[in-house]
Amino acid sequence: RYRGVFGKMRPYYRAKLEKGEGPVYNWHVVQEVSSDDNARSSRQGSGFSAGGETYGVLGDDSLKASRTNVKSRVQLPVKQRIGHGFVLIERQAIIGLNPLQIADYAVMRGLLRAQEDTEAYSEIGTIMALFDKNLEADERPELLTEWDLALLTSLYKAPGDMNSDRQRSQMARTFVKVLNEGQ
C-alpha cells in the first residue's frame, strides 16, 4: 500500500522481498547527495503513515546531487547514503529473545546494507546470526560483538566520497585497528 517506503527500489526487488522466507525482512532507501552536502538529492516526499505516525519518504533528484562545488580527480562528486533503513521481524521469531538482542540485531540490519547469509554470520560470531535456524537458543549471540562494533566503526569512519578501492582499504585498516585495540 505504501510504495514510497521502498524509494526507487525496482519492482523485481520488491517482489523478491515480498516472497522472502523471513523471519526478517529489511531494505534501505538510499539517497544520493553531493560530496560537499550542499545539494541534497533527496527531499521529504508526501510521507506514509504507520501506527498513527507519519514518516517522510525520500524523493530523488539526481541532477540536484550533481550540482557540487567539489572539483577533484580523487574525491567523487556524488555519494550515496542510507536515508531510511527498515527492519521487519516476524512476531513468532522473537519469542525467547531479550529486547537487547532484538535491538542490537535491528541496529546492525538498519545500518548495514549486507546480504543475508546467516551461516557465514554464525561462523564469524556476530549478532547478525541471531535468526540462524541452525543455532540452538543458548548459542545465539546475546549482544553486539567486538566484530560488529569493528565493522560499524570501520564502515562509518571510511570516507563516503572516495572510490570503492580506497574505501575498502581504509575500512580494512580501521577494522584491524579497532579489533587490536579493543575500542
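The protein chain of this predicted model exposes about 12,100 Å², and carbon and sulfur atoms supply 50% of that area. Of its 183 residues, 34% are buried. The chain contains 6 helices and 4 strands, and these follow one another along the sequence in the pattern α-β-β-β-α-β-α-α-α-α. Among contacts between residues at least 6 apart in sequence, 59% join residues at least 24 apart.

The interior may be considered next. In soluble globular proteins, nonpolar side chains tend to be buried together. Here the largest nonpolar core has 19 residues, and the members that touch the most others within it are Tyr105, Met108 and Phe131. Helices α3 (99-111), α5 (146-157) and α6 (164-181) each supply at least two residues of this core. Apart from it lies another core, of 8 residues, which includes Tyr25, Trp27, Val29 and Phe86.

The surroundings of Phe131 show what one of these core residues meets. Not counting residues up to four places away in sequence, Phe131 touches Pro23, Val24, Ile89, Ala93, Ile94, Leu97, Tyr105 and Arg140. Of these partners, Pro23 is located in the loop between α1 (11-18) and β1. The peptide bond that leads from Gly22 into Pro23 is cis, with omega near 5°.

Beyond that loop, strand β1 spans residues 24-34 and holds Asn26. Asn26 has a relative accessible area of 16%, and is therefore classed as buried, the limit being under 20%. Its side chain makes a polar contact of 2.6 Å with the side chain of Arg109. With neighbours within four places in sequence left aside, the residues in contact with Asn26 are Leu17, Phe86, Val87 and Arg109. Phe86 in this list is also a member of the core of 8 residues.

Strand β4 covers residues 78-89 and includes Ile82. At 27% relative accessibility, Ile82 falls between the limits for buried and exposed, and so counts as partly exposed. Outside its neighbours within four places in sequence, Ile82 is in contact with His28, Val29, Gln31, Gly110, Leu111, Arg113 and Tyr156. Arg113 is 31 residues from Ile82 along the chain, and the C-alpha atoms of the two are separated by 8.6 Å. Val29, another of these contacts, is among the residues of the core of 8.

The helices offer two further positions to examine. Leu100, in helix α3, has a relative accessibility of 47% and therefore counts as partly exposed rather than exposed, a class that requires over 50%. The C-alpha atom of Leu100 is separated by 9.1 Å from that of Leu144, a residue 44 positions away along the chain.

The second position is Asp148, in helix α5. Asp148 is buried yet has no salt bridge, and the nearest side chain of opposite charge, that of Arg109, is 10 Å away. Which backbone nitrogen atoms lie at 3.0 Å and 2.9 Å from a polar atom of the Asp148 side chain? The backbone nitrogen of Ile127 is at 3.0 Å, and that of Thr145 is at 2.9 Å. Aside from neighbours within four places in sequence, Asp148 is in contact with Met108, Thr126, Ile127 and Leu143. Ile127 thus appears both in this contact list and in a backbone-to-side-chain approach to Asp148. Met108, also in contact with Asp148, is one of the residues that touch the most other members of the largest core.

Charge pairing is the last topic. Side chains of opposite charge can pair when their charged atoms come close. A search of the whole structure finds 1 salt bridge. Arg168 forms a salt bridge with Asp165, and the closest N and O atoms are 2.7 Å apart. The two residues are separated by about one helical turn, because they lie 3 residues apart in helix α6. Arg168, with a relative accessible area of 51%, is exposed, and Asp165, at 53% relative accessibility, counts as exposed as well. Asp148, by contrast, is buried and has no salt bridge.

Methods
Residues numbered from 1 in each chain as written. Predicted model: local features only at pLDDT ≥ 70, side-chain atom pairs only at ≥ 80, totals over all residues. Heavy atoms only, no water. Buried < 20%, exposed > 50% of the residue type's maximum accessible area, 1.4 Å probe, protein only. Contact = heavy atoms within 4.5 Å. Polar contact = N/O pair within 3.5 Å; in protein donor to acceptor, adjacent residues only side chain to side chain. Core = buried A, V, L, I, M, F, W, Y, C linked by side-chain atoms within 4.5 Å. Lys, Arg positive; Asp, Glu negative; His and termini not counted. Salt bridge = Lys/Arg side-chain N within 4 Å of Asp/Glu carboxyl O. Areas by Shrake-Rupley, 256 points an atom, 1.4 Å probe, with all protein chains shown as cover.
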